[in-house]
Amino acid sequence: MARHIFQSFRDKKTEELEHQQPFAPDRSGMSESELFSFAPFNPDASERGGYSNYSYWGATLRAFFKNKVAVFFLLVLVCTLAFTFIQPNLPGQRDPLLIHYNESGRTLANLQPGEQGFLFGTNNLGQDIWARIWAGTRTSLFIGFTVACVEALLGILMGVLWGYVRALDFFFTELYNVFDNIPQTLLLILISYVLNPGISTIIFALCLTGWLGMARFIRNQIIIIRDRDYNLASRCLGTPTRRIIFRNLLPYLVSVITMRMALAIPSAIGNEVFVTYIGIGLPINIPSLGNLIQAGRELMTIPALRYQLYFPVAVLAVITISFYIIGNALADAADPKNHVN
């Protein structure tokens, strides 16, 4: 009885399988050479199959340019920077240090914007505010870029060594504690009194402790990834430390380093404005955004002269906001996690 039931079940399943493949080709009359043949091999096709046109920086740029707000501020920043360096070569531009007089020999002091051909007016000495703003922007940008580059180089180098080389952890920790516990304002005041005021002095003062924040940030990021499997495997294979740092660690931190560097430039410009505000910045004969804002601040109680503060603050705000938005957008675009489709 059981054998009969099993035979009926097998016949039924065979019939179902035959109905499931009604279009199976009939190979009963084919020869062995026709049934079995080697597939042709094409080396070019195999190379095409293993090729990928993925580019990290290409994907980063594509992701960045999808952010319309960041692209807009990038255009604003590029136009501002370009005009900053083109402005002195345009016709009809005045010397930012030249004091202007009228026919009777009196200084053209505190002229309103647009009056007597002065687009942004003049200050209390009779100097053209338009020319001084762009000269000050060039000075502040030079200070900002220089300080940001020094901070990035020192901060990344110290941070990587601090986080990866365990033997140096104690040394860098104590070094950080010593410098971090010294008030930066007090340090800037001492340096300004010891050295002659100037661009090189303020760059040196800002770079002396400015790398600490970058170094600590990079150190914390390195500690997170230094003991991951691929780094352990590299150390077991005898890979030099230099190669591990440049091949395994730093590429992983491209996005965060990009953001920190983009924010370091407006931060350095803001520090220059601050030290000038407290009276230890650049001398008055060197135009800078800090000097212009400091001079305008003293006139805030006179409503008719507040424009001398508004114009340099507007330029500083445009540069700072542009760098902030571009830096954040570029950091998001450079993050490899955002490249996965």
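Angles between axes that are under 35 degrees count as roughly parallel, those over 145 as roughly antiparallel, those from 65 to 115 as roughly perpendicular, and the rest as oblique. In the predicted model described here, this scheme applies to helix 5, which spans residues 68–86, and helix 14, which spans residues 307–334, since the two pack at an angle of about 135° with their axes 9 Å apart. Helix 5 and helix 14 are therefore oblique to each other, and the crossing in which helix 5 passes helix 14 is left-handed. On the side of helix 5, the contact is formed by Val69, Ala70, Phe73, Leu74, Val76, Leu77 and Thr80, and these residues meet Val318, Ile319, Ile321, Ser322, Phe323, Ile325, Ile326 and Ala329 of helix 14. Sorted by class, the residues of this contact comprise 13 that are nonpolar, two that are polar and none that is charged.

Helix 5 and helix 14 also serve as packing partners for helix 4, whose buried residues lie against both of them. Within helix 4, which covers residues 56–65, the buried positions are Gly58, Ala59, Thr60 and Phe64.

The wider setting of these elements is a protein chain whose secondary structure comes to 14 helices and zero strands. Of the 341 residues in this chain, 37% count as buried. When the contacts in the chain with a sequence separation of 6 or more are considered, 66% of them are accounted for by residues that stand 24 or more positions apart.

A second pair of helices is formed by helix 9 and helix 12, whose axes come within 11 Å and cross at roughly 145°. In this pair the crossing by which helix 9 passes helix 12 is right-handed. Helix 9 contributes Ile202, Leu206, Gly213, Met214, Phe217 and Ile218 to the contact, while helix 12 contributes Val256, Ile257, Arg260, Met261, Ala268, Asn271, Glu272 and Val275. The classes represented in the contact of helix 9 with helix 12 are nonpolar, with 10 residues, polar, with two, and charged, also with two.

Helix 12, which covers residues 254–277, is in addition one of the elements against which the buried residues of helix 13 pack, the others being helix 6, at residues 129–164, and helix 14. Helix 13 runs over residues 289–297 and is mostly covered, with seven of its nine residues buried. These buried residues are Leu289, Gly290, Asn291, Leu292, Ile293, Gln294 and Gly296.

Attention may next be given to Thr201, a residue of helix 9, which extends over residues 199–225. Because residues under 20% relative accessible area are classed as buried, Thr201 counts as buried at 8% relative accessibility. When residues up to four places away in sequence are not counted, Thr201 touches Ile191, Leu195 and Asn196. One of these partners, Asn196, is placed in the loop that joins helix 8, at residues 184–194, to helix 9. Asn196 has a relative accessibility of 68% and therefore counts as exposed. Although Asn196 and Leu282 are separated by 86 residues in sequence, the distance between their C-alpha atoms in space is 9.7 Å.

The cysteines were examined for possible bonds. A disulfide is a covalent bond between the sulfur atoms of two cysteines. The structure holds zero disulfides. For Cys207, the closest cysteine sulfur is that of Cys149, and because a disulfide requires a pair of sulfur atoms within 2.5 Å, the separation of 9.5 Å is too far for a bond. The surroundings of individual cysteines were also assessed: Cys207 counts as buried, with 9% relative accessibility, whereas Cys236 is exposed, with a relative accessible area of 72%.

Finally, the backbone was considered in the loop between helix 5 and helix 6, which contains Asn110 and in which Gln116 is also placed. The phi angle of Asn110 is near 55°, a positive value in a residue other than glycine. For Gln116, phi is likewise near 55°, again a positive value in a residue that is not glycine. Asn110 has a relative accessible area of 26% and is thus partly exposed.

Technical notes. Residues numbered from 1 in each chain as written. Predicted model: local features only at pLDDT ≥ 70, side-chain atom pairs only at ≥ 80, totals over all residues. Heavy atoms only, no water. Axes fitted to C-alpha atoms, helices over the stretch in contact; angles between N-to-C directions. Helix = DSSP H or I, 4+ residues; strand = E, 2+ residues; numbered from the N terminus. Left-handed = near helix turned anticlockwise from the far one by under 90°. Contact = heavy atoms within 4.5 Å. Nonpolar A, V, L, I, M, F, W, Y, C, P; charged D, E, K, R; others polar. Buried < 20%, exposed > 50% of the residue type's maximum accessible area, 1.4 Å probe, protein only.
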